[in-house]
Amino acid sequence: MVTVNQQRVPRRRTYLMCSPEHFAVEYAINPWMDVTTPVDSDLAVKQWDRLRETLVGLGHEVHQLAAEPGLPDMVYAANGGFSVDGTVYGARFKHEQRAAEAATHHAFYEAQGWRFIAPSETNEGEGDFAYVPEAHGGLVLAGHGFRTEIPAHAEAQEALGRPVVSLRLIDPRFYHLDVALAAIDDSNVVYFPGAFSSASQRVLTQLFPDAVIADDEDAMAFGLNLVSDGANVVLSSEATRLAGKLKAAGYTPVPVDLAELKKGGGSVKCCVAELRH
Ligand code: ARG
């Protein structure tokens, strides 16, 4: 059981982010996107800057990928790859509109000297892959149902040499794993059960009996789309109820306002790829 007032210990992280200077909602590839709702791009940049400063302020290192015109979703840097222990499994986007983003991430990893495994299968990086290093010796959780294809789960397992557990997403509002589940420390997760098939819910219960459980309201506020360093949990300021649950479990919620980025169907985690050396 989760002990109240348990001392949570942060671990220093390295992240990759990409500025929303070219962010816009020009097409709709998830239920949150509405091309008729205007986006305030200056405000988007301000909110994103605040997120970056928050992560730096918590002691983390943030690398930046140069934003490219014509790629309005590039701000969602989590989708460009998935790294574990110095190896990156590259992304291959489902939608044509985002396909070119993969090459910019590839170039970044190449320049940094990472071992890069090019994908043959459709997968959207950390959008659909999460890593829990101390769970069962290092476990990859992988979503499918909307974006990432099941064969990519096997490909990721071969690329990374870690067991990959496939989880089926069933609610189009939660089209990526990272809007339904997050690692909150090295061995535990928080998730919204309703986003998963009943069989996948059983798998999660078996693997993570002490998980923090979120509800529909938490998920709709994009609360699950969080970034945690094991102690500080950076999450959407809309997710006040989830913040309370995390606090009760001993974590420190750090709310940030990303209302403009929500118009594209993403929040904190979507904007942040973790670089696991
Ligand atoms: N508009 C983007 C898309 O639909 C949002 C991606 C959100 N990223 C994420 N990691 N969930 O592809």
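**Exercise 1. Polar contacts of the ligand**

How many Å separate a polar side-chain atom of Arg98 from an oxygen atom of the ligand? Work this out on the predicted model, then look for similar contacts from Asn30 and Asn79.

*Solution.*
- Step 1: Start at Arg98, where a polar side-chain atom and a ligand oxygen are 2.6 Å apart.
- Step 2: Move to Asn30, whose side chain places a polar atom 2.7 Å from an oxygen of the ligand.
- Step 3: Turn to Asn79, where the partner is a nitrogen atom of the ligand, 3.0 Å from a polar side-chain atom.
- Step 4: Check these distances against the cut-off for a polar contact, a pair of N or O atoms within 3.5 Å.
- Step 5: Now consider the cover. On its own the ligand has 350 Å² of accessible area, and the protein covers 100% of it.

**Exercise 2. The shell and the space it encloses**

Describe the residues around the ligand, and find which cavity the ligand takes up.

*Solution.*
- Step 1: The shell holds 16 residues, and the nearest are Asn30, Arg98, His176, Asp178 and Cys270.
- Step 2: Sorted by class, this shell has six nonpolar, six polar and four charged residues.
- Step 3: The ligand occupies the second largest cavity, a space of about 70 Å³.
- Step 4: That cavity has 14 lining residues, with Asn30, Tyr76, Arg98, Tyr175 and Gly264 nearest its centre.
- Step 5: Its lining divides into five nonpolar, six polar and three charged residues.

**Exercise 3. The largest cavity**

Count the cavities of 30 Å³ or more, then describe the largest one.

*Solution.*
- Step 1: The count gives four cavities of 30 Å³ or more.
- Step 2: The largest of the cavities has a volume of about 270 Å³.
- Step 3: Its lining is made of 22 residues, and those closest to the centre are Tyr131, Ala183, Lys269, Glu274 and Arg276.
- Step 4: Strand 6 (129-132), strand 9 (181-183) and strand 12 (227-228) each give two or more residues to this lining.
- Step 5: The classes in the lining of the largest cavity are 12 nonpolar, one polar and nine charged.

**Exercise 4. An open pocket**

Give the volume of the second largest pocket and sort its lining by class.

*Solution.*
- Step 1: This pocket has about 150 Å³ of space.
- Step 2: Its lining includes Arg11, Arg12, Arg13 and Thr14, along with Asp85, Tyr131, Pro133 and Glu274. Leu275, Arg276 and His277 also belong to the pocket lining.
- Step 3: By class, the pocket lining has six charged, three nonpolar and two polar residues.
- Step 4: Compare the names with Exercise 3. Tyr131, Glu274 and Arg276 line the second largest pocket, and they are also among the residues closest to the centre of the largest cavity.

Technical notes:
Residues are numbered from 1 along each chain as its sequence is written. This is a predicted model: local features need pLDDT of at least 70, side-chain atom pairs count only at pLDDT 80 or more; totals for chains, interfaces and linings use all residues. Side-chain values use heavy atoms; hydrogens and water are left out. On a 1 Å grid over the protein atoms alone, a cavity is a set of points where a 1.4 Å probe fits but cannot get out, and a pocket is an open set with protein on both sides within 12 Å along at least five of seven lines; lining residues have an atom within 4 Å of a point. Grid points are joined across faces, edges and corners, and a volume is the space filled by probe spheres set on the points. Ala, Val, Leu, Ile, Met, Phe, Trp, Tyr, Cys and Pro count as nonpolar, Asp, Glu, Lys and Arg as charged, and the others, Gly among them, as polar. A residue is near a molecule or strand if one of its heavy atoms lies within 4 Å of it. A polar contact is a pair of N or O atoms within 3.5 Å; within protein, one must be able to donate a hydrogen and the other to accept it, and residues adjacent in sequence count only if both atoms are side-chain atoms. Accessible areas come from the Shrake-Rupley method with a 1.4 Å probe; for residues, only the protein chains shown count as cover. A molecule sits in a cavity or pocket if more than half of its atoms lie within 2 Å of its grid points. Helices (H or I, at least four residues) and strands (E, at least two) are DSSP runs, numbered from the N terminus.
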